[in-house]
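Subject: The structure we talked about

Hi there,

Here is the structure I promised to pass on. Have a look at it first, and then read on for what I found in it.

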Amino acid sequence: MMPQASAETITRITRHLKAALDLILFSSHKALVTSHMHVVSVKESYRQLEEKSRRLQEAYDKLKELDRLKSNFLATVSHELRTPLTSIIGYSEMLKVGIAGPLVGEQAEFVTRSTRKGSSSSASS
């Protein structure tokens, strides 16, 4: 026959087992809640990152469009300025060679300066 434990011993063992199971359940629940909070935090960080990425892409697209518009504007302005500048240079060269008669004093200096500055401006375009 097997020896039997007293009722008091069985009660103590039962209380001890219950306390151990309560501790295991509490620790597991705490780990589950912590893990869930971490997942929620990572999801929110990812959402914020996606939002920032979307806004950056929109800003990049706007900047590309502005750069394209600026390039078109500069090309148009450059073309529109070259046309009259070419005429001014041509007329200055004709005046310089005396097609309208001899230039007097400062006139020659002004025509020479206009030709020189106009030629250096059109060369840099």
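Start at Gly98, just after helix H1: this glycine takes a positive phi of about 90°. Keep in mind as you read that this is a predicted model.

Now step back along the chain to H1 itself, which runs over residues 7-96. Helix H1 has 90 residues and reaches 129 Å from its first C-alpha to its last. At 1.5 Å a residue, 134 Å would be expected, and the span of H1 is close to that.

How many helices and strands does the protein chain have? There are two helices and zero strands. The other helix, H2, covers residues 106-124.

The overall dimensions are worth a look too. The C-alpha trace of the protein chain spans about 145 × 20 × 20 Å along its principal axes. The radius of gyration is 45 Å, whereas a compact globule of 125 residues would have one near 14 Å. Of those 125 residues, 4% count as buried. The chain exposes about 11100 Å², and carbon and sulfur atoms supply 65% of that area.

Next, find where H2 meets H1. Thr115 is found in helix H2. Is Thr115 buried or exposed? Thr115 is buried, because its relative accessible area is 8% and buried means under 20%. Leaving aside residues up to four places away in sequence, Thr115 touches Ser92, Glu93 and Lys96. The neighbouring residue to show on your screen is Arg116, also found in H2. Arg116 has a relative accessible area of 52%, so it is exposed. Arg116 and Glu93 are 23 residues apart in sequence, yet their C-alpha atoms are 9.8 Å apart in space.

Then there are the charged pairs. Side chains of opposite charge can pair when their charged atoms come close. The structure holds seven salt bridges, and here are some to look up:

- Arg54 and Glu51 meet through their side chains in a salt bridge of 2.5 Å, N to O. Both lie in helix H1, three residues apart, which is about one turn of the helix.
- Arg54 also forms a salt bridge with Glu58, again 2.5 Å from N to O. Arg54 and Glu58 are separated by about one helical turn because they are four residues apart in H1.
- Glu109 and Arg113 form a salt bridge of 2.8 Å, N to O. These two are four residues apart in helix H2, so about one helical turn separates them.

Together, Glu51, Arg54 and Glu58 are linked in a network of salt bridges. How exposed are the members of that network? Arg54 is partly exposed at 39% relative accessible area, Glu51 is partly exposed at 28%, and Glu58 is partly exposed at 38%. In H2, Glu109 is partly exposed with 44%, and Arg113 is partly exposed with 33%.

One last stop, back on the surface. Which residues make the nonpolar surface patch of about 390 Å²? Phe73, Leu74, Val77 and Leu81 make it. Phe73 has its place in helix H1. Phe73 counts as exposed because its relative accessibility is 54%, and exposed means over 50%.

Have fun exploring, and write back with any questions!

Best wishes

Terms used. Residues numbered from 1 in each chain as written. Predicted model: local features only at pLDDT ≥ 70, side-chain atom pairs only at ≥ 80, totals over all residues. Heavy atoms only, no water. Patch = residues over 30% accessible without salt bridge, like charges linked within 9 Å, V, L, I, M, F, W, Y side chains within 5 Å. Areas by Shrake-Rupley, 256 points an atom, 1.4 Å probe, with all protein chains shown as cover. Salt bridge = Lys/Arg side-chain N within 4 Å of Asp/Glu carboxyl O. Buried < 20%, exposed > 50% of the residue type's maximum accessible area, 1.4 Å probe, protein only. Expected span 1.5 Å × (residues − 1). Rg over C-alpha atoms; globule rule 2.2 N^0.38 Å. Contact = heavy atoms within 4.5 Å.
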